[in-house]
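Colleague: Could you walk me through this one before I set anything up? I'd like to hear what the interior looks like.

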Amino acid sequence: MESLLGIIFHSIGGFSSGSFYMPFKKVKGWAWESYWIIGGFFSWLIVPPIAAYLTIPNFTEIIAATSPDIKTLVYTMGLIWGIGGLTYGLGVRYLGMSLGNSIVLGFCSAFGALVPPIYYNFYHTEGKVSFTDMLTNTGGRLVLLGVLVCLTGIAISGKAGMLKEKDFATGHEDKDKDFSLVKGLIIAIISGILSSFFNFGIEAGKPMADVANEAWKALNPGQGQFLFQNNVTYIVILWGGLTTNFIWCMYLNFKNKTFGNYTDKSTPISKNILFSAIAGTMWFLQFFFYGMGESKLGNGASSWILHMSTIILTANFWGFYLKEWKGVSKKTFNTFLLGIVLIMLSIVLVGIGNSL
């Protein structure tokens with residue numbers, strides 16, 4: 001039952017993440033950097049403490065009492081992840097919902113499964129699986145095989161992108177005017193690798209989550225693990241994400257002279273803020289439900305990969321809904337489907353391997 005609840009929670013979070021970019025498409029007359037940072041304020045600054053306030057008594061005291069070294073490490077992981085989150089939006093812009101999410105999250109899945117055990121290889125922690133441990137047991141090797149299959153699926157998805165670009169070059173010039181394979185792939189690779197550091201940020205912030213968990217269990221004996229224990233950790237991680245994104249978006253506002261977007265009465269300002277706020281809130285909800293799923297399944301490769309898989313599936317649903325692949329050749333579309341199948345197969349392999 002616990003595992004089933006974990007899958008359900010991860011699926012809800014994945015659906016929220018895979019859908020969050022859709023409200024941004026309703027924003028009119030604003031530059032990307034303007035609506036992205038407005039959404040970011042809700043994702044990283046406004047909604048997280050509200051969620052923590054509603055679920056964790058005295059969450060500010062937990063953060064204040066945590067070792068500065070732990071908070072610094074968690075914040076640093078957030079900074080690195082913030083670059084990945086920033087480039088994620090650009091990756092979707094240049095590659096589309098389906099291809100962009102598949103490549104970005106494929107890399108994110110692979111490296112999210114590998115970063116923690118590599119870290120624990122250098123900094124041994126009781127109860128944590130290192131990369132060496134993975135090499136010496138069947139489950140670990142199956143996880144590594146899953147990562148290899150995932151990277152193969154990404155490569156095939158990239159090939160589908162090349163074919164799509166070729167298809168659209170002749171006879172479909174009106175399709176996906178923002179589509180740019182080279183820009184998109186470079187950005188997607190960077191985003192996928194750096195976004196995986198969010199998973200390690202959760203690991204690094206586990207002492208804060210443990211305090212919240214123990215406090216809740218003391219008040220609710222025999223009730224299992226606290227569903228919302230990670231909400232306190234998210235606040236510190238997301239401070240790092242906000243820092244990175246705020247600096248970059250302000251730079252783009254200055255460079256592109258788009259500060260006027262926020263007060264431009266020729267655009268629907270209220271609606272733009274509303275849709276950006278909805279997108280930002282949906283972005284955060286992925287973490288909210290990830291924490292609930294993780295409390296049931298445990299952290300590590302299984303939770304991370306399962307979460308990523310539901311995002312990929314949702315994003316591809318929206319990609320088909322937006323007809324991003326309409327007009328491509330059968331070969332292109334089949335190549336893309338093969339890449340998706342391999343990425344999903346890798347998720348199954350990693351999940352089984354982690355359970356072993």
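**Inside the chain**

Modeller: I'd begin with helix α10, residues 197-204, which is mostly covered, as 8 of its 8 residues are buried. Among those buried residues of α10 are Phe197, Asn199, Glu203 and Ala204. Please keep in mind throughout that this is a predicted model.

Colleague: What does the secondary structure of the chain come to, in helices and strands?

Modeller: The chain comes to 15 helices and 0 strands. Of its 356 residues, 56% count as buried, and among contacts with a separation of 6 or more, 82% are between residues 24 or more positions apart.

Colleague: Which residues touch the most other members in the largest nonpolar core?

Modeller: That core has 84 residues, and Phe20 and Trp36 touch the most other members. Helix α13, residues 269-297, supplies the largest share of this core with 10 residues.

Colleague: And what is phenylalanine 20 in contact with, leaving aside its neighbours within four places in sequence?

Modeller: With those neighbours set aside, phenylalanine 20 is in contact with Trp36, Tyr88, Ala279, Met282 and Trp283.

Colleague: Changing topic, how many cavities of 30 Å³ or more turn up in the whole structure?

Modeller: The search finds 2 cavities of 30 Å³ or more. The largest cavity holds about 160 Å³ of space, and the second largest holds about 50 Å³.

Colleague: Which residues lie nearest the centre of the largest cavity?

Modeller: Its lining has 15 residues, and Trp81, Leu105, Trp283, Gln286 and Met308 are the ones that lie nearest the centre. The elements that contribute two or more residues to that lining are α5 (68-95), α6 (97-122), α13 and α14 (301-321).

Colleague: How many nonpolar, polar and charged residues does that lining of the largest cavity have?

Modeller: By class, the lining of the largest cavity has 11 nonpolar and 4 polar residues, with no charged residues.

Colleague: Then which residues line the second largest cavity?

Modeller: The second largest cavity is lined by Phe20, Phe24, Trp36, Gly39, Gly40, Ser43, Trp44, Gly280 and Trp283. Two elements, α3 (32-55) and α13, give two or more residues to that lining, and the largest share, 5 residues, comes from α3. Sorted by class, this lining has 5 nonpolar and 4 polar residues and no charged ones. Phe20 and Trp36, which touch the most other members of the largest nonpolar core, are both in this lining.

Colleague: Let me pick out serine 43 from that lining: is serine 43 buried or exposed?

Modeller: Serine 43, which sits in helix α3, has a relative accessible area of 3%, and because that falls under the 20% cut-off it counts as buried. Its C-alpha atom is separated by 4.5 Å from the C-alpha atom of glycine 280, although serine 43 and glycine 280 are 237 residues apart along the chain. Leaving aside neighbours within four places in sequence, serine 43 is in contact with Pro48, Leu238, Gly280, Trp283 and Phe284.

Colleague: Where is leucine 79, and what does leucine 79 touch?

Modeller: Leucine 79 is in helix α5, and at 27% relative accessibility leucine 79 counts as partly exposed. Not counting residues up to four places away in sequence, leucine 79 touches Gly240, Gly241, Thr243 and Thr244. The C-alpha atoms of leucine 79 and tryptophan 239 are separated by 7.9 Å, with their positions 160 residues apart along the chain.

Colleague: What span should helix α12 have, and how far apart are its end C-alpha atoms?

Modeller: Helix α12, residues 231-255, has 25 residues and so should span 36 Å at 1.5 Å a residue, and its end C-alpha atoms are 35 Å apart, which agrees. Just after α12, lysine 257 takes a positive phi of about 55 degrees. Lysine 257 is found in the loop between α12 and α13, and at 75% relative accessibility lysine 257 counts as exposed.

Colleague: Last one, since I check backbone angles: what phi does asparagine 58 have?

Modeller: Asparagine 58 has a positive phi of about 60 degrees, although it is not a glycine. Asparagine 58 lies in the loop between α3 and α4 (59-65), and its relative accessible area of 49% makes asparagine 58 partly exposed.

Technical notes: Residues numbered from 1 in each chain as written. Predicted model: local features only at pLDDT ≥ 70, side-chain atom pairs only at ≥ 80, totals over all residues. Heavy atoms only, no water. Core = buried A, V, L, I, M, F, W, Y, C linked by side-chain atoms within 4.5 Å. Buried < 20%, exposed > 50% of the residue type's maximum accessible area, 1.4 Å probe, protein only. Helix = DSSP H or I, 4+ residues; strand = E, 2+ residues; numbered from the N terminus. Contact = heavy atoms within 4.5 Å. 1 Å grid on protein atoms, 1.4 Å probe; cavity = no way out; pocket = protein on both sides within 12 Å on 5 of 7 lines; lining within 4 Å. Points joined across faces, edges and corners; volume = space filled by probe spheres on them. Nonpolar A, V, L, I, M, F, W, Y, C, P; charged D, E, K, R; others polar. Expected span 1.5 Å × (residues − 1).
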